[in-house]
Amino acid sequence: MSDDLQRELGLVRQQIDQVDGCLLDLLNQRARLAQQVGEIKSRHGEAGFIYRPEREAQVLQRIQGMNPGPLSNESVTWFFREVMSACLSLEQPLGIAFLGPLGTFSESAATKHFGHAARLMPQISIDDVFREVEACHADYAVVPIENSTEGAIGRTLDLLLTTPLRICGEVVLRIHQHLLSNEESLGRVSKVYSHAQSLAQCHEWLNRSLPLAQRIPVGSNAQAAQLAAAERGTAAIAGQAAAERYQLPELASNIEDEPNNTTRFVVLGRHDAGPSGRDKTSLIMSAQNQTGALSRLLAPFSDAGVSMTRLESRPARHTLWEYVFFVDLDGHRDDAPVRTALAELVRRAPYLKLLGSYPVAAY
């Protein structure tokens, strides 16, 4: 390495060291200010929930709007989430329940939303995820609600009908599926383990690349990786987190049939969120079994100028051939147009349950 090159690199590296020192000072200053916020709330009897989804969303929206690059908005969003997660943990690490074991996409979604300082609490079923928060053993739950290729997650929708929990956030996670195996070639794989949803998402790739391999659905992709790590002649379809956790090489990468395969998760807590400026409202309603009933229920939204982004029907569990409808709206329940529409819907719907208002996912 030439002397000129060493001098130039040395000058730039000195500047990097100086910036790192400034960053460290500023991060600790931010942490102390976050502690002051908690102390002020406590003195005024406003301690309550230390995590405020709307405040976090406002911070991320502002940071993204200020970002001049070269770092992408995705990168700065990740960084500031981790900073906020670390600051929150100084008061109390949040307990986050999700569908386990460790290494699932649900873990990735929980970490994406709450950061690595959160206390992860994997559960064996979606039912258990709900119960952990309902029983106050965990602070929040992260559960999948729909996939862009396979549609709604039925068990989550069924539990939302009866739970007292509120939706206070959402996470959108790009799903990359990989074939993980200790085998060195596809020809040695005779069984493929994975969650049923993931098997469906990779159906065409499996038909082309492993047409003779037995496809075995299991409770989660992480469980599939555990099985594949212990059994010869097998593979698992799972994500990068499972590959790293169970030390399984990727025999094939990005094998999902749809290149834009995405899963949406909702965050559940014992409260919803205040207005952030970019919000959604979710609800469940029923319609009478008569001509035009659903049309009459939807009319208040168009009359008030409220955009409906999702309408999903689901069989009502108490009556044969009766249905309930899951609806997502643009806007917060406190926004005037949404408030007007909901007031009219209360008069028209035989059953109405407001699931919560919450910030739109930050990508």
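# A guided reading of the predicted chain

Just after helix H4, Gly 115 takes a positive phi of about 80 degrees. This residue belongs to a predicted model, and helix H4 itself, residues 105-114, offers a convenient point of entry. Eight of its ten residues are buried, so the helix is largely enclosed by the rest of the structure. The buried positions are Phe 105, Ser 106, Glu 107, Ala 109, Ala 110, Thr 111, His 113 and Phe 114.

With that helix located, the chain as a whole can be described. It contains twelve helices and 15 strands. Along the principal axes, its C-alpha atoms fill a box of roughly 85 × 65 × 35 Å. The chain has 363 residues, of which 45% are buried. Among contacts with a sequence separation of 6 or more, 76% are between residues 24 or more positions apart.

Toward the start of the numbering, helix H1 (residues 3-43) packs against helix H3 (residues 73-91). Their axes lie 9 Å apart and form an angle of about 50 degrees. The two helices are therefore oblique to each other, since an angle of this kind falls outside the ranges 65 to 115 degrees, under 35 degrees and over 145 degrees that define the other classes. The crossing of H1 past H3 is right-handed. On the H1 side, the meeting residues are Leu 27, Arg 30, Ala 31, Ala 34, Gln 35 and Gly 38. Their counterparts in H3 are Phe 79, Val 83, Met 84, Cys 87, Leu 90 and Glu 91. Sorted by class, the residues of this contact comprise eight nonpolar, two polar and two charged.

Two cis peptide bonds can be found in the loops of this part of the chain. One joins Gly 69 and Pro 70, with omega of about 10 degrees; Pro 70 is located in the loop between helix H2 (53-66) and H3. Another runs from Gly 100 to Pro 101, where omega is near 5 degrees. Pro 101 belongs to the loop that links strand E1 (95-99) with H4, which returns the reader to the enclosed helix described at the outset.

From H4, the path may be followed to strand E3 (residues 140-147), which holds Pro 144. The C-alpha atoms of Pro 144 and Phe 105 are 9.2 Å apart in space, although the two residues are 39 apart in sequence. Pro 144 has a relative accessibility of 11% and therefore counts as buried. Apart from residues up to four places away in sequence, Pro 144 touches Ser 106, Ile 126, Ile 153, Thr 156, Thr 263, Arg 264 and Phe 265. One of these partners, Ser 106, is also a buried residue of H4.

Helix H5 contains Phe 130. With a relative accessible area of 2%, Phe 130 is buried. Beyond its neighbours within four places in sequence, Phe 130 is in contact with Val 143, Thr 156, Leu 159, Leu 160, Thr 163, Leu 165 and Leu 268. Thr 156 thus appears among the contacts of Phe 130 and among those of Pro 144. A separation of another kind is given by Phe 130 and Ala 230: these residues are 100 apart along the chain, and their C-alpha atoms are separated by 31 Å.

Between helix H5 (126-134) and strand E3 runs a loop that contains Cys 136. Phi of this residue is near 65 degrees, a positive value in a residue other than glycine. Cys 136 counts as exposed, because its relative accessibility is 52%. Cys 202, by contrast, has a relative accessibility of 0% and counts as buried. Why does Cys 136 form no bond with the closest cysteine sulfur? That sulfur belongs to Cys 168 and lies 14 Å away, too far for a bond, given that a disulfide requires sulfur atoms within 2.5 Å. The structure as a whole holds zero disulfides.

A further positive phi in a residue other than glycine occurs at Asn 254, with a value near 50 degrees. Asn 254 is placed in the loop between strand E10 (250-252) and strand E11 (262-269). Its relative accessible area is 44%, so Asn 254 is partly exposed.

Key
Residues numbered from 1 in each chain as written. Predicted model: local features only at pLDDT ≥ 70, side-chain atom pairs only at ≥ 80, totals over all residues. Heavy atoms only, no water. Axes fitted to C-alpha atoms, helices over the stretch in contact; angles between N-to-C directions. Helix = DSSP H or I, 4+ residues; strand = E, 2+ residues; numbered from the N terminus. Left-handed = near helix turned anticlockwise from the far one by under 90°. Contact = heavy atoms within 4.5 Å. Nonpolar A, V, L, I, M, F, W, Y, C, P; charged D, E, K, R; others polar. Buried < 20%, exposed > 50% of the residue type's maximum accessible area, 1.4 Å probe, protein only.
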